[in-house]
Amino acid sequence: MKWMKARDNQLMTLIGILLLLLFLRLFVLTVMQHDTWTNAADSNDRRSLYEVAPRGEIFDRYGRLLAGNLPSFTVQFSRGNMGSAEINATSAKIIEILEANGEKYIDNLPILYEGGFFEYTYRREVESWLEYQGMPADFTAEQAFEEIRRRYGIGEELDQYAAQTELINEYGVTPPISVRTMVYSRDLDKNKFLERYGLDTELPARDAFFAIRDRYGIDKSLSVEEARKIMVLRNELSLLGYRQFVPANIAAGVSDSTVLQIKERQSSLRGISVAGESVRSYPNGSTASHVLGYMGKISESNTEHYVNELGYRPTDLIGLDGIENSMESYLKGKDGIKEVQVNSRGELVSVISEEPAEKGKDIYLSIDLELQKSVEEILDRGLAALQTGGVFESQWGDYKFRDAQPNANVGSVVVLDVKTGEPLALVNAPNFDPNLFSTGISNENWNALQSQNPRDSLSPRPLYNVASKTAVQPGSTFKPITAITALESGLNPNAKLYDGGAVTVGNHSYGCLLWNTSRGSHGNIDLYQALEVSCNYYFYNIATGMDYAKNKPLSYKGDISIGKIMSYAEQFGLGLPTGIELSETVAAVPTAEKKMASQKSLLQRHLLNNAEEYFKPEVLRNQAQLGQQIDTIVNWTEENPVRSELIKRMGELGIREEMVSEVADTCKFTFYNYAQWTLGDELNIAIGQGENAYTPVQMANYIATLGNGGVHNQVSLIRTIEDVEIERPTGEMVQLSDDAYLEDVITGMKRVVSGSRGSLRSTFAGFPVSVAAKTGTAQKSGKIQPPDEVEYIQEHLKGIDATLNWEDVETEMNRLLSEYPGIYTSQSKAVRKAVTNLSSRRTIEDDIDSFKDSYKPFAWVVALAPAEDPHIAVAVLIFQGNSSLNAAPVAKEVIAKYMNLEKEYEDYSLENVLN
């Protein structure tokens with residue numbers, strides 16, 4: 001045994017013995033006990049049980065629930081290591097159970113089979129949108145986008161990205177088009193869907209259906225309808241990619257009886273589980289809907305960001321608007337996961353690992369729920385009474401509207417805390433119920449929330465947040481800004497200036513309402529009286545530093561200009577982002593450049609609309625050449641050539657010879673001259689007209705700054721986020737040499753309410769709290785376009801021109817659409833041109849519109865209360881309210897509600913009112 005004494009030999013012997021033992025054990029496991037271990041492996045399965053984290057809840061400033069979660073049962077399907085045949089069999093079984101119990105299951109398969117035909121849902125949605133917009137069903141995305149641009153007067157100086165931003169922010173219009181590729185968004189979703197299955201993006205719906213069916217090996221004996229049901233579930237599973245143990249939601253909100261049946265048949269439903277999930281709930285219905293926003297599905301185009309980058313499940317709902325959207329990263333919790341082993345009967349064998357769900361962060365808003373509800377009721381009641389010319393009933397004095405304003409069906413009220421800039425109420429009418437979106441909105445409900453008339457920019461749009469997105473002229477509510485700038489420049493507020501009625505600039509007269517209606521004058525007035533009676537002439541004087549009645553400069557210590565006035569407007573928050581955690585429109589304060597760009601856009605639109613009349617046929621047939629020539633004419637706007645030079649240039653372009661002089665005169669006198677910055681612009685801007693455009697949130701913030709001693713705060717809806725420390729920017733002081741200027745302006749605004757000539761004196765008569773307010777009536781030019789121009793002209797054709805008949809107009813319309821598809825991109829546009837082509841009347845353009853209603857002015861009221869120590873700033877805007885007086889009853893009632901004036905007090909001293 002000398003050989004065994006060597007250390008190396010001993011080690012080799014030991015290794016050999018161990019290898020022999022291992023071989024024997026493997027032989028026992030793989031041969032002798034093969035059947036035993038195979039059955040054990042088959043009878044155990046690993047599953048990942050996901051627990052969807054509850055979404056963070058949203059509360060008002062006092063802890064009252066605004067958005068919460070309701071418990072719900074969700075059926076889930078995890079494919080694990082199941083084979084395709086087993087997945088198909090399980091899919092058929094679970095669908096049978098769901099249908100037998102009347103449950104709805106998630107159906108996102110974008111291929112429909114109806115009446116023996118296959119169709120992509122994507123195309124149906126595009127065609128539905130085109131029909132709703134009054135556009136041909138075969139319009140390309142680029143044609144549709146250009147038509148939308150034309151309707152809203154967005155010129156070519158803005159690229160497609162800037163144009164889309166303006167459509168969304170300024171008009172609340174979101175075309176379902178990818179402006180980067182000029183393809184319908186739903187077509188992009190279709191491409192991503194087909195690419196997910198490795199199919200050609202041009203594949204017809206029928207071919208795609210059978211290719212996917214074959215891929216999954218679905219029994220060919222099944223009908224198309226039966227096969228599609230299985231494919232619906234397979235499609236949900238496919239969205240998870242390689243994450244085979246991640247479950248897909250297939251039915252939400254199922255009943256207890258359905259849950260029981262699934263549990264009873266669990267052994268034959270491998271991969272199926274029931275999870276307790278929460279469904280978003282808004283217990284107050286439509287209250288504060290534009291603040292809260294709504295939920296929605298992750299689109300195919302957003303899958304990369306949310307699913308692949310942020311780890312969302314494809315079936316998750318995300319915030320699409322409002323606080324639900326802006327605070328998504330806080331509200332979204334962290335889903336829990338439990339890795340378990342189960343046997344063939346679905347019974348738990350062991351827990352492998354567990355990571356509990358973490359609820360999203362709760363958020364407390366600045367909104368006062370009860371005040372919000374009250375203001376919504378007040379606005380709705382005010383609009384209803386105004387539309388019929390009825391009575392707005394109030395404990396503080398009924399108000400009888402002088403005339404019915406049937407189109408006054410949109411409005412907004414914003415109430416801010418003066419000291420902090422926090423919104424206490426943010427109200428729009430109409431609004432919507434976000435509960436409709438909690439589990440995915442139906443097409444029927446979605447369509448009901450769209451604009452009633454896409455051709456009318458002021459038509460009610462329930463989803464549109466007027467308070468933060470609608471920027472319109474403020475009218476005379478802007479005058480306090482002009483007053484403060486003049487005071488800072490050296491205006492003596494007690495000095496009397498004579499109201500000369502009107503200032504003439506060229507051929508245009510700029511006058512007071514009193515002058516324009518009755519050739520009256522306010523006489524000699526100071527700043528306080530000028531604010532009280534809202535005298536335009538006085539503000540023309542102080543904005544330009546000129547006493548026009550005496551034709552001599554005012555004795556200012558410093559210069560004043562529109563630029564300086566706009567600088568103060570920005571210090572008060574106008575023309576700048578407010579900071580509110582909602583999507584908002586920000587229209588910059590007026591400048592010469594902004595006016596020039598606006599006029600160039602209008603000119604381009606005019607030339608395009610009249611191209612067939614203005615340009616030679618060979619130019620019309622070449623869209624690229626037509627676009628270049630229009631751009632050339634538009635680019636002459638800054639230069640503003642003399643008429644003779646303009647006629648010469650027009651003759652060298654592709655303008656019809658007989659139209660050269662007319663086109664030159666139109667460009668020169670309607671667009672070029674008006675595009676130049678003049679004294680008239682300065683006069684208009686000083687009184688809140690012209691290029692001024694601000695949202696109700698901006699206006700409320702400006703008034704709050706005025707009442708807060710010149711301290712301008714950012715507007716914020718967020719008071720607290722659970723476990724998050726919020727850094728709030730400190731307010732910025734308006735740069736004034738004397739804070740008394742603010743009091744001067746507030747004194748004038750108090751006279752609007754209580755002065756002997758104040759426009760709101762009768763509305764606030766007997767009101768127990770002092771209020772400082774300013775009214776504004778802002779003009780809105782144009783006619784209200786009917787939903788369908790073709791139907792309108794057909795109905796009124798004999799009144800427009802009795803010599804025309806509809807058959808000829810229709811024939812001419814179809815000719816224009818056929819021969820000039822790049823110019824006449826819709827029937828509405830072509831039918832109008834057809835009438836003008838066939839009519840011999842010189843006034844035909846005006847005659848066509850003669851049966852349409854004109855837009856009525858916007859009605860504004862802004863207010864501070866109590867005037868001596870302002871606590872709230874209120875801004876009220878009513879679309880087509882016609883007169884600022886029509887917004888006043890709403891403002892008064894809102895202030896009363898905030899002050900709790902409906903309570904019985906021994907007296908109405910400030911201390912009692914606020915306690």
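Which residue forms a salt bridge with Glu789? Let's start there, keeping in mind that this is a predicted model. The partner is Lys852, and the closest N and O atoms of the two are 3.0 Å apart. The pair links distant parts of the chain: Glu789 belongs to helix H32 (residues 789-800), while Lys852 sits in the loop between helix H35 (844-848) and S29, 63 residues apart. Both Glu789 and Lys852 are buried. They also have company, for salt bridges that share partners join Arg455, Glu789, Arg832, Glu845, Asp849 and Lys852 into one network.

From that loop it is natural to move on to strand S29 and its sheet. Here five strands form an open sheet in the order S18-S17-S30-S29-S28, with antiparallel pairing. At the edges you will find strand S18 (423-429) and strand S28 (772-778), each of which pairs on one side only. From one strand to the next, the twist averages 10°. Within the sheet, look at strand S29 (residues 858-865) and strand S30 (residues 872-878): seven bridges pair them in the antiparallel sense. As a landmark in this pair, take Trp860, which stands opposite Leu877 in S30.

Now add the helices that accompany the sheet. Helix H31 (residues 740-754) packs on it, touching S28 and S29, and its direction makes about 75° with that of S28. Helix H30 (residues 696-707) lies across strand S17 (411-417), S18, S29 and S30, and runs at about 30° to S29.

A second strand pairing is worth a visit earlier in the chain. Strand S4 (residues 111-114) and strand S5 (residues 117-120) run antiparallel and are joined by four bridges. In this pairing, Leu112 stands opposite Glu119 in S5. The hairpin has two residues between its strands, and Gly115 takes a positive phi near 60° there.

Let's return to the charged side chains. The model has 41 salt bridges in its count. One of particular interest for tracing the fold joins the side chains of Asp681 and Lys595, at 2.7 Å from N to O. Because Asp681 lies in helix H29 (residues 679-686) and Lys595 in helix H23 (residues 592-609), the pair ties together parts that are 86 residues apart in sequence. Asp681 is buried, and Lys595 is buried too.

Arg649 and Glu645 offer a local example: their side chains meet in a salt bridge of 2.9 Å, N to O. Both residues lie in helix H27 (residues 643-652), four residues apart, which is about one turn of the helix. How do they stand with respect to burial? Arg649 is buried, with a relative accessible area of 17%, whereas Glu645 counts as partly exposed at 28% relative accessibility. The cut-off for buried is under 20%, so Arg649 falls within that class and Glu645 does not.

Finally, what about the cysteines? The count of disulfides is zero. Cys512 shows how the rule works out: its sulfur is 3.4 Å from the closest cysteine sulfur, in Cys535, and so too far for a bond. The rule asks for sulfur atoms within 2.5 Å. Cys512 counts as buried, at 0% relative accessibility. Cys667 is buried as well, with a relative accessible area of 1%.

Definitions and conventions
Residues numbered from 1 in each chain as written. Predicted model: local features only at pLDDT ≥ 70, side-chain atom pairs only at ≥ 80, totals over all residues. Heavy atoms only, no water. Pairing = 2+ DSSP bridges. Axes fitted to C-alpha atoms, helices over the stretch in contact; angles between N-to-C directions. Contact = heavy atoms within 4.5 Å. Salt bridge = Lys/Arg side-chain N within 4 Å of Asp/Glu carboxyl O. Buried < 20%, exposed > 50% of the residue type's maximum accessible area, 1.4 Å probe, protein only.
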